[in-house]
Amino acid sequence: MRREDILRMFPERMRSRWQNVADLCDQVQEIRLRAGRPVTILLGKGERFVDAGGQIVDRQDCGAGITAGELDEILQHLCQYSLYAFADEIRQGFLTMQGGHRVGLAGQVILEEAGRIRNIKYIRYLNIRIAHQIKGAADSVLYFLYDKGRVRNTLLISPPGCGKTTMLRDIIRQLSDGTAYGPGMNVSVVDERSEIAGSYMGIPQNDVGTRTDVLDGCPKVEGMMMLIRSMAPQVLAVDELGSDKDIEALRMASGCGCNLLATIHGNSLKEIQNKDYMRYVIEESLFERYVVLARRSGNCVIEGIYDQEGQRCIK
């Protein structure tokens with residue numbers, strides 16, 4: 001992560017205000033901009049605010065707001081002064097930036113007759129999520145993911161912001177390049193929200209490995225079957241399971257001989273086991289390993305690694 005990545009997200013005339021934030025590039029996780037509200041930044045040690053001069057302050061009442069006009073100017077800059085060219089991404093509620101960073105958008109939604117989102121206008125909320133690739137994040141779990149050189153089907157469980165995508169990305173990288181436990185494998189990634197590989201104009205901005213193929217911006221269900229047909233992966237990876245259709249697509253992929261890597265939002269294995277759409281997964285032992293992540297004292301930690309019976313794994 002470079003400080004220039006943060007600075008280039010803002011029009012040149014505004015960059016002086018963001019110098020101090022950019023200096024903390026290794027710590028900054030989010031920059032939240034809301035029209036008429038104080039600018040907030042999320043660091044590893046908690047939330048801070050930015051005043052009118054660009055100083056980082058602890059108190060909300062010392063922070064300075066940002067205007068709707070300034071938000072419009074930032075959005076235009078992020079879209080290279082062509083909102084039309086980024087219409088598909090805006091419709092999905094996010095933009096992917098060079099470096100793998102992602103900007104979430106919120107405002108007034110315009111619907112089509114069928115109820116689908118046609119556009120978002122009056123965008124008054126931006127959440128700039130700073131990508132931090134941590135190579136080696138998966139080192140402590142790799143031993144548990146192999147069975148005599150074969151990769152076990154693995155599900156990462158984590159509340160938001162506890163590092164599941166970071167962990168998934170590093171597992172993908174290491175499986176692709178090869179580890180002490182097995183040779184490199186062909187890995188296919190359905191990167192629905194461009195968070196895993198962080199592709200920019202089709203090129204991954206994050207290191208996802210030598211033998212990895214990425215289908216960027218594609219819905220998981222369609223993407224999984226496309227990759228199986230076209231890329232013949234040994235391992236198939238997806239982020240954020242959330243529906244019966246996702247599970248059915250995983251079942252079909254497993255039947256095609258792929259090993260599976262996936263993530264899901266949750267606080268514990270027990271919580272996941274109680275989700276209706278996960279019933280098949282549990283009953284059929286689709287996943288052989290469950291890695292549960294949590295946050296302790298501001299740090300992302302591995303709460304536990306469990307087998308398909310729900311028993312804790314011990315090395």
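**Burial and packing in the predicted model**

At a relative accessibility of 5%, Met-167 counts as buried, because the cut-off for burial is under 20% relative accessible area. The model in which this value was computed is a predicted one. Met-167 is located in helix 6. Leaving aside residues up to four places away in sequence, Met-167 touches Ala-137, Ala-138, Val-141, Leu-156, Leu-293 and Ile-302. One of these partners, Leu-293, is separated from Met-167 by 126 residues in sequence, while the C-alpha atoms of Met-167 and Leu-293 are 9.4 Å apart in space.

A second residue of helix 6 was also examined. Thr-165 is found in this helix, which spans residues 164–177. The relative accessibility of Thr-165 is 13%, so this residue counts as buried. With residues up to four places away in sequence again left out, the contacts of Thr-165 are Glu-195, Ile-196 and Asp-239.

For the chain as a whole, the secondary structure amounts to ten helices and 16 strands. A compact globule of 315 residues would be expected to have a radius of gyration near 20 Å, and the chain agrees with this expectation because its own value is 20 Å. Along the principal axes, the C-alpha atoms fill a box of roughly 60 × 45 × 35 Å. Buried residues make up 47% of the 315 residues. Of the contacts between residues at least 6 apart in sequence, 59% join residues at least 24 apart. The exposed area of the chain is about 15,200 Å², of which carbon and sulfur atoms supply 46%. Charged side chains comprise 40 positive and 41 negative ones, and the centres of the two sets are 2 Å apart.

Helix 3, residues 68–78, has a buried set consisting of Leu-71, Ile-74, Leu-75, His-77 and Leu-78. These residues lie on the same side of helix 3, because they cover an arc of only 160 degrees around its axis. An α-helix has 3.6 residues a turn, so residues three or four places apart point the same way. The packing partners of the buried residues of helix 3 are strand 1 (28–34), strand 5 (94–96), strand 6 (102–111) and strand 7 (117–129).

Positive phi values occur in the segment after helix 3. Gln-80, which follows helix 3, has a positive phi near 55 degrees. For Tyr-81, phi is near 60 degrees, a positive value in a residue other than glycine. Tyr-81 belongs to the loop between helix 3 and helix 4 (87–92). The relative accessible area of Tyr-81 is 54%, and this residue is therefore exposed, the cut-off being over 50%. Another tyrosine, Tyr-122, has a positive phi of about 45 degrees, although it is not a glycine. Tyr-122 is placed in strand 7, one of the strands against which the buried residues of helix 3 pack.

Lys-270 lies in helix 9, which covers residues 269–273. With a relative accessible area of 61%, Lys-270 is exposed. Lys-270 and Ile-247 are 23 residues apart in sequence, and the distance between their C-alpha atoms is 18 Å.

Methods: Residues are numbered from 1 along each chain as its sequence is written. This is a predicted model: local features need pLDDT of at least 70, side-chain atom pairs count only at pLDDT 80 or more; totals for chains, interfaces and linings use all residues. Side-chain values use heavy atoms; hydrogens and water are left out. Helices (H or I, at least four residues) and strands (E, at least two) are DSSP runs, numbered from the N terminus. The radius of gyration is taken over C-alpha atoms; the globule rule is 2.2 Å times the number of residues to the power 0.38. Buried means under 20% relative accessible area, exposed over 50%, partly exposed in between (1.4 Å probe, protein chains only). Contact means heavy atoms within 4.5 Å. Accessible areas come from the Shrake-Rupley method with a 1.4 Å probe; for residues, only the protein chains shown count as cover. Lys and Arg count as positive and Asp and Glu as negative; His and the chain ends are not counted. The place of a charge is taken as NZ of Lys, CZ of Arg, CG of Asp or CD of Glu. The arc is that of the directions from the helix axis to the C-beta atoms.
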